[in-house]
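Trainee: I would like to go through this structure with you, charged side chains included. Can we take it one question at a time?

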Amino acid sequence: MPASTSVKDYIRTIVDFPKEGIMFRDVTTLFADPRGFRMAIDQLLHPYAGVRFDKVVGLEARGFILGGAVAHQLSAGFVPIRKKGKLPGAVISEDYQLEYGEAVVEIHDDAIQPGEKILVVDDLLATGGTAEAGIKLIERLGGEIIGCAFVIDLPDLGGRAKLEALGMDVHALCAYEGE
């Protein structure tokens with residue numbers, strides 16, 4: 001790949017995936033490039049320089065890749081929020097709406113202690129449904145969410161506005177308008 005100057009330069013667009021009319025923003029090309037991946041992790045951390053976090057929460061599934069790397073850099077713990085039925089221990093669940101239908105995410109009921117400082121991480125902020133469900137789970141466990149960090153924001157789909165209406169500090173590395 002030629003020298004890239006921004007995270008957006010490393011993201012591949014796949015037309016008509018997973019269905020016709022969708023412009024899929026593929027971050028696997030970002031993850032595969034050592035310079036791009038380092039750039040993304042550094043930029044996700046930058047707004048929170050000097051802030052102490054107890055845990056980083058990654059949203060399924062690409063949020064696990066980013067969240068693990070961010071947690072390592074922060075010397076913080078990592079907690080996954082997963083699709084229903086994927087965690088082995090006792091969990092709490094949160095339903096949320098999809099474009100067509102409903103989904104459920106879960107977190108271990110002992111993953112976060114009251115008062116712990118949390119950073120939520122994922123690759124993409126679209127409608128904000130998954131992130132909102134994750135935020136509700138964290139808050140039910142008593143976690144204090146300091147920020148929500150994403151690689152990509154699709155502002156036309158309203159996710160940022162939804163999270164900001166919940167009082168969240170939202171940080172995204174790049175945006176694709178008109179999505």
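Mentor: Yes, and keep in mind that this is a predicted model. Start with D33: which side chain of opposite charge is nearest to D33?

Trainee: D33 is buried, yet it has no salt bridge. A salt bridge needs the nitrogen and the oxygen within 4 Å. The nearest side chain of opposite charge is 5.6 Å away, and it belongs to R35.

Mentor: Where does D33 lie?

Trainee: Helix α1 covers 28–32, and α2 covers 34–45. D33 lies between α1 and α2, in the loop.

Mentor: Which backbone nitrogen does the side chain of D33 reach?

Trainee: D33 has no salt bridge. Its side chain does reach a backbone nitrogen at 3.0 Å. That nitrogen belongs to R35.

Mentor: Now D122. Which side chain of opposite charge is nearest to D122?

Trainee: D122 sits in strand β7, residues 117–125. D122 is buried and has no salt bridge. The nearest side chain of opposite charge is 6.0 Å away: R62.

Mentor: Which backbone nitrogen lies 3.3 Å from a polar atom of the D122 side chain?

Trainee: Leave aside the neighbours within four places in sequence. The contacts of D122 then include L59, R62, G63 and L66. The backbone nitrogen at 3.3 Å is that of G63.

Mentor: Let us turn to pairs that do form. How many salt bridges are there by this rule?

Trainee: The rule asks for a side-chain nitrogen of Lys or Arg within 4 Å of a carboxyl oxygen of Asp or Glu. D26 and R12 are one such pair, at 2.6 Å from N to O. By this rule the count is 12.

Mentor: How many residues apart in sequence are the parts that D26 and R12 tie together?

Trainee: The side chains of D26 and R12 meet in a salt bridge. D26 lies in strand β2 and R12 in strand β1, so the pair ties together parts separated in sequence by 14 residues.

Mentor: Is D26 buried or exposed?

Trainee: Its partner R12 counts as partly exposed, at 41% relative accessibility. For D26 the relative accessible area is 7%. Buried means under 20%, so D26 is buried.

Mentor: What separates D42 and R38 in helix α2?

Trainee: D42 and R38 form a salt bridge, with the closest N and O atoms 3.1 Å apart. Both are partly exposed: D42 at 35%, and R38 at 41%. They are four residues apart in helix α2, so the separation is about one helical turn.

Mentor: Which residues join E132 in one network of salt bridges?

Trainee: K162 and E132 form a salt bridge, with closest N and O atoms 3.8 Å apart. K162 is in helix α5 and E132 in helix α4, 30 residues apart. Salt bridges that share partners join E132 into one network with K136 and K162.

Mentor: Step back to the whole chain. How many helices and strands are there?

Trainee: Along the sequence, the pattern opens with β-β-α-α and ends with β-α-β. In the protein chain there are five helices and nine strands.

Mentor: Last one. What is the radius of gyration of the protein chain?

Trainee: The C-alpha trace spans about 45 × 40 × 30 Å along its principal axes. Of the 179 residues, 46% count as buried. A compact globule with 179 residues would have a radius of gyration near 16 Å, and the protein chain agrees, with 16 Å.

Conventions: Residues are numbered from 1 along each chain as its sequence is written. This is a predicted model: local features need pLDDT of at least 70, side-chain atom pairs count only at pLDDT 80 or more; totals for chains, interfaces and linings use all residues. Side-chain values use heavy atoms; hydrogens and water are left out. Helices (H or I, at least four residues) and strands (E, at least two) are DSSP runs, numbered from the N terminus. Buried means under 20% relative accessible area, exposed over 50%, partly exposed in between (1.4 Å probe, protein chains only). Lys and Arg count as positive and Asp and Glu as negative; His and the chain ends are not counted. A polar contact is a pair of N or O atoms within 3.5 Å; within protein, one must be able to donate a hydrogen and the other to accept it, and residues adjacent in sequence count only if both atoms are side-chain atoms. Contact means heavy atoms within 4.5 Å. The radius of gyration is taken over C-alpha atoms; the globule rule is 2.2 Å times the number of residues to the power 0.38.
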